[in-house]
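Let's take a walk through this structure together. Please have the sequence and the 3D view open as you read.

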Amino acid sequence: MMVSNMLSIPLRRTDQISLTPAIRSYIETSYDQHPDMFKNDIAELERLRSEVASLEVRLSSCEKFTRYFVQLTYLSVKFPADIKVNFVWYNSLGYSSAAVTHPDLQYERANILYNLGALYSQLGVQENRATADGLRIASQYFQFSAGCLTFLKEHVLPEMKMNPPEDLVSATLDVLIFLMLAQAQECFWQKAILDNLKNSLVARLASQVSAFYSGALDCTIRTNAIRSEWINHLTCKKFHFEAATQYRTATDCLAASKFGEEIARLLVALEAVKKALSSAKNVSSPVSEDLKGLQTKLKSDLARAEKDNDLIYLQMVPAASSLTVVKNTSTVSAIVPNPIANFADAINDKYGPSLFSNLVPFAAHVAASIYVERRDTLVNKLIISQLDVLTVQLHDSLTRLGLPGSLQALERPVGLPPTLVSHIGEVQALGGNQILIESIEDVRSLSQVDSSVYDEALTTLNIERKEDAEYRRRYGTTTWRRPTSEEAGKELFAQAATLGELLKVASESDEIVRSKFRENENSFKLLDQDVVIIEKYVPNEIPSAKADAELEKRTAETRERMNEVSRFEYRRRKFIEDLREKAQNDDVTQLVLKETARLEQMDPLGKIEATMFEKQFTTRLKGLYDEDKKRLDKESEEQSRLLTEIELTNMDFSAALAKARGSVASARETAIQRLETAYFQYKELMTNLEDGRKFYNDFSRSLTQFQDEVNDFVFSRRIDARETESELAIQLDRLNLGDELSYNQTYIGSMQAQQHQRTESPLPAPRAQGLPPAVLGAQSRLWNPEAGIQFGNRKQYHE
């Protein structure tokens, strides 16, 4: 392989994997479409990935990377969740080549885009930079590389659901972006020299090259992915182009007869070359040869300039700190390849048709689910539950008034009232007391399962937090610099707190239900008995005197009010049944599909979010259920009116009843009222337990998803910890080795310095232009007055 004075980014290696099983499973479980509909799309995706897994460094490979990336971008709209494919990629920078595996499609996109940028960098290095066309093409490749990495940093990394490996963190990408821009600018600088442009312009171009290399060098402090050889290369290049900037400016000073400033700038240039050479360990030979060639030229020019100034011009040499700073001129930028920046056009033009175009986006399914949740919340919690509360209040008020027990005891002094018999039959048909016991145990079991899943996930999260704390204790916070568990998993810890609070509230509600059951269990058991046994519990009552006309009148009035209550409750139950049926038939699928088609037509690759359906959902819910919400207010008003009338009627009835038989309620009345109250309590508990069962079943899905996210987070953190620890161990080994060699290198270097300077033959600098020293006498190094002062006959050199 040809040795170059520029760096190329190594490609990240991957393993061949099969996408088919996971994608088929994902479609089957997440969509309402059969995976066989997309077998050709899956096969094409398999082929595209197989191609990019092993490509040669050639321009045609860029198109294959781009095609796969564009399809992945479109696919990420369809498959926003992990598809359970273990994408395996190996680190290529730094001292670790460990594999990092993750099922996130954004991770796959990030690696493909990184490799596209790396491929452009390698094409740039391989280009023939000895010609003007070669320099122009190489510069373009380097700018494309910087553009790919910039797009990766700004648009792909924020979408990833994992902590990226060290090669892909923002700091590492910043190093590579600055490096690519520096090398692109360096190509323009070389072309400016080939084109014999003004020294002042060449100096400004060189100053910008140095600034780009300096930017890359500054960013290496924030990442462990850059090897020491690269850091040395960046350092050499930074000071090389500082020297080149000063040399070209010194040349301008010579032409402007600023002989003192020329000497000052040559001295600054030589000092920069000295700094560059001190960091030239392990850099490529072309880099060190360029530096030595420039050093030779600077020494020659400085000797000439100092002699001429001492003998002829006698100008003062200004201090380096007083020299005017050379302004930078940038001719390059990070250019994102058009198919990457405008993939919507690319998918329909060069890289289409899009795969899985007939698959309804996942966000549409999420949106439909959100609508169902909003609809059910509106119907069940904001309407039906409020009606249930009103019904409970109604029964509590009737129980407080002793109704219907007092009325039934009077109307039917022997046996069980028909209404009570009907209620007993309903309870027994539902399963009686035993079904309450089983339902309570069922809810308790579901609660325990959910709590177990939550506790297990929380324990896993806390174990990882302790592991991270141990690493920090072992290595110190200045060395162990990755984010803390709370910082990296901020959303997970917040989610854990929310889920825990929901479980706590649910547990408290369960205890209230169990408490109500214990308070009324004996009554529930009684309702579960044979009618003959219940008749024995309810004593018969023979009136001591015949009811008078007043009592009969008040009894009839009260019966009419209780019949009105029955009709009122029947209308309410019918309304609730109709409302539930309407909600059950409220299918939003067609609305979602229509809106999805509209959004995709507007922007085929735009990311569809569930929130985009919010306006349509709000309008639909308002149109369908606003009248039902108003019905709730009417029900409340009607119930208040009815209870007021019942209270007034009951006062008259109670007074007439007390006058006829005394003020003490009969045992029969008390028994009937107890059974009626137990019936309503039974119905309330059955509703509560069904709500509890539904809550825990729904909640288990959220907990399972939370547990999966925790496991993925902890797995990636542990992989990252092992890699970080391995990198620290390598750095420690290098540090120890450096300590051992430091003394010997210092001693040997000082002993060889003088001899090296005496024996080293400066290498000529190739491929560039420069200014030679002033022409001296042919036979003498002294100035010959008869020859005059000559500045012509320039020859080429490389800076």
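Start in the loop between α8 (228-255) and α9 (259-278), where S257 lies. At 40% relative accessibility, S257 counts as partly exposed. Its backbone deserves a glance too: phi of S257 is near 60°, a positive value in a residue other than glycine. Do keep in mind throughout that this is a predicted model.

A similar backbone feature can be found at N196, in the loop between α6 and α7 (199-219). Here phi is near 55°, again positive in a residue that is not glycine. N196 has a relative accessibility of 55% and so counts as exposed. Positive phi turns up once more at L314, which follows α10 and has a value near 55°. Helix α10 itself covers residues 285-313, and its length can be checked: at 1.5 Å a residue, its 29 residues should span 42 Å, and the end C-alpha atoms are 39 Å apart, which agrees. One more loop is worth a stop, the one between α13 (362-400) and α14 (405-411), which holds P404. The peptide bond leading from L403 to P404 is cis, with omega near 5°.

Now let's turn inward. The largest nonpolar core has 90 residues, and I23, F79, L113, Y114, L152, W189 and F356 have the most contacts inside it. Helix α6 (residues 170-194) gives the most to this core, contributing 13 residues. To get a feel for the packing, select L113: leaving aside neighbours within four places in sequence, its contacts are F69, C148, F151, L152, V156 and I340. A second, separate core has 42 residues, among them A506, I534, Y679 and L703.

C148, one of the contacts of L113, leads on to the cysteines. How many disulfides are there? The count comes to 0. For C148, the nearest cysteine sulfur belongs to C62 and is 8.0 Å away, whereas a disulfide would need the two sulfur atoms within 2.5 Å. C148 is buried, with a relative accessible area of 0%, and C219 is buried as well, at 8%.

Next, look at strand β1 (residues 87-90). In a regular strand, side chains alternate between the two faces of the sheet. Along β1, F87 and W89 point one way while V88 and Y90 point the other, and all are buried. The partner of β1 is strand β2 (residues 99-102), paired in the antiparallel sense over 4 bridges. Across from F87 you will find H102 in β2.

Finally, consider the charged side chains, which form 58 salt bridges in this structure. An α-helix has 3.6 residues a turn, so residues three or four places apart point the same way. Helix α16 (residues 432-475) shows the three-residue spacing with E441 and R444, whose side chains meet at 3.3 Å, N to O. E441 is partly exposed at 42%, and R444 is partly exposed at 29%. The four-residue spacing appears in α16 with E470 and R474, joined in a salt bridge at 3.9 Å. In helix α21 (residues 589-602), E595 and R598 sit 3 residues apart, about one turn of the helix, and their closest N and O atoms are 2.6 Å apart. Is E595 buried or exposed? At 7% relative accessibility, E595 counts as buried, while R598 is partly exposed at 40%. To finish, trace the network of salt bridges that links E464, D468, R472, R482, R717 and D720.

Notes. Residues are numbered from 1 along each chain as its sequence is written. This is a predicted model: local features need pLDDT of at least 70, side-chain atom pairs count only at pLDDT 80 or more; totals for chains, interfaces and linings use all residues. Side-chain values use heavy atoms; hydrogens and water are left out. A nonpolar core is a set of buried Ala, Val, Leu, Ile, Met, Phe, Trp, Tyr and Cys residues joined through side-chain atoms within 4.5 Å. Buried means under 20% relative accessible area, exposed over 50%, partly exposed in between (1.4 Å probe, protein chains only). Helices (H or I, at least four residues) and strands (E, at least two) are DSSP runs, numbered from the N terminus. Contact means heavy atoms within 4.5 Å. Two strands pair if DSSP finds at least two bridges between them. The expected span of a helix is 1.5 Å times one less than its number of residues. A salt bridge is a side-chain nitrogen of Lys or Arg within 4 Å of a carboxyl oxygen of Asp or Glu.
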